[in-house]
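Open the model in your viewer and keep the selection panel at hand. Each stop below says what to pick next and what is there.

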Amino acid sequence: MAAAALHLELVFSRPETTLSVTRGAARLLVDMGYAPLLEVCLPNGRRADVMALGPKGDIVICEVKSGVDDYRVDRKWQEYGPFCDAFYFAVAPEFPDGVLPAEPGLIVADGFGGAVVRDPPATPLAPARRKALTLAFARLGALRAMRE
């Protein structure tokens, strides 16, 4: 078979894409000095795909989108803002441009790492909420470490 006739296309299922993007976004956050936890339940009952605590106590949430359909059917991401200083979408490199809103930050990631494509606007938390979220984050991390 001639090399020109050979065409390979890698297609990932949504669970594989979600796992890959989640892993890459978490690795990027670690590189940026954050301590991430995956699948964190928030006080409003929502679940953040990635929540991370920064070295200065800032809190970041990343909502992972496996594809355009995942974004279009899931509008709960707007309810994460009150629980973080910065909010990002995290998507795979093949996610099309122009689908996501321009306001949140944007991370493009794969299983090995990621890059911040767009910084999010800073929306500092109120001190009392920050303290409550930081305490809950620390307890969750400690309890998860005990299970391992």
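Two strands count as paired if DSSP finds at least two bridges between them. The model is predicted. Keep both points in mind for the first stop.

**Stop 1: the hairpin**

Select strand E5 and strand E6, residues 113-118. They pair in the antiparallel sense, over five bridges. That count meets the cut-off of at least two, so the strands pair. E5 and E6 form a hairpin, and two residues lie between them. Now pick aspartate 110. Which residue stands opposite aspartate 110 in E6? Glycine 113 does.

**Stop 2: the other partner of E5**

Keep E5, residues 105-110, and add strand E4, residues 86-91. Do these two run parallel or antiparallel? They run parallel, joined by four bridges. For a landmark, show phenylalanine 89 and leucine 106. Leucine 106 is in E5, and phenylalanine 89 stands opposite it. While side chains are on display, recall a general rule: in a regular strand they alternate between the two faces of the sheet.

**Stop 3: a loop glycine**

Go to glycine 57. This residue sits in the loop that links strand E2 (47-53) to strand E3 (59-65). What does glycine 57 touch beyond its neighbours within four places in sequence? Its contacts there are Asp85 and Arg130. Next, draw a C-alpha to C-alpha distance from glycine 57 to arginine 75. The two are 18 residues apart in sequence and 27 Å apart in space.

**Stop 4: the charged network**

Eight salt bridges turn up in a search of the whole structure. Start with lysine 65. One salt bridge links lysine 65 to glutamate 63, with 3.0 Å between the closest N and O atoms. Another joins the side chains of lysine 65 and aspartate 74, at 2.7 Å from N to O. Aspartate 74 also meets lysine 76 in a salt bridge, again with an N to O distance of 2.7 Å. Through shared partners, salt bridges join Glu63, Lys65, Asp70, Asp74 and Lys76 into one network.

Now colour these residues by accessibility. Why does lysine 65 count as buried? Its relative accessible area is 0%, and buried means under 20%. Glutamate 63 is buried too, because its relative accessibility is 2%. Aspartate 74, at 12%, also counts as buried. So both salt-bridge partners named here for lysine 65 are buried, as is lysine 65.

Note on methods: Residues are numbered from 1 along each chain as its sequence is written. This is a predicted model: local features need pLDDT of at least 70, side-chain atom pairs count only at pLDDT 80 or more; totals for chains, interfaces and linings use all residues. Side-chain values use heavy atoms; hydrogens and water are left out. A salt bridge is a side-chain nitrogen of Lys or Arg within 4 Å of a carboxyl oxygen of Asp or Glu. Buried means under 20% relative accessible area, exposed over 50%, partly exposed in between (1.4 Å probe, protein chains only). Contact means heavy atoms within 4.5 Å.
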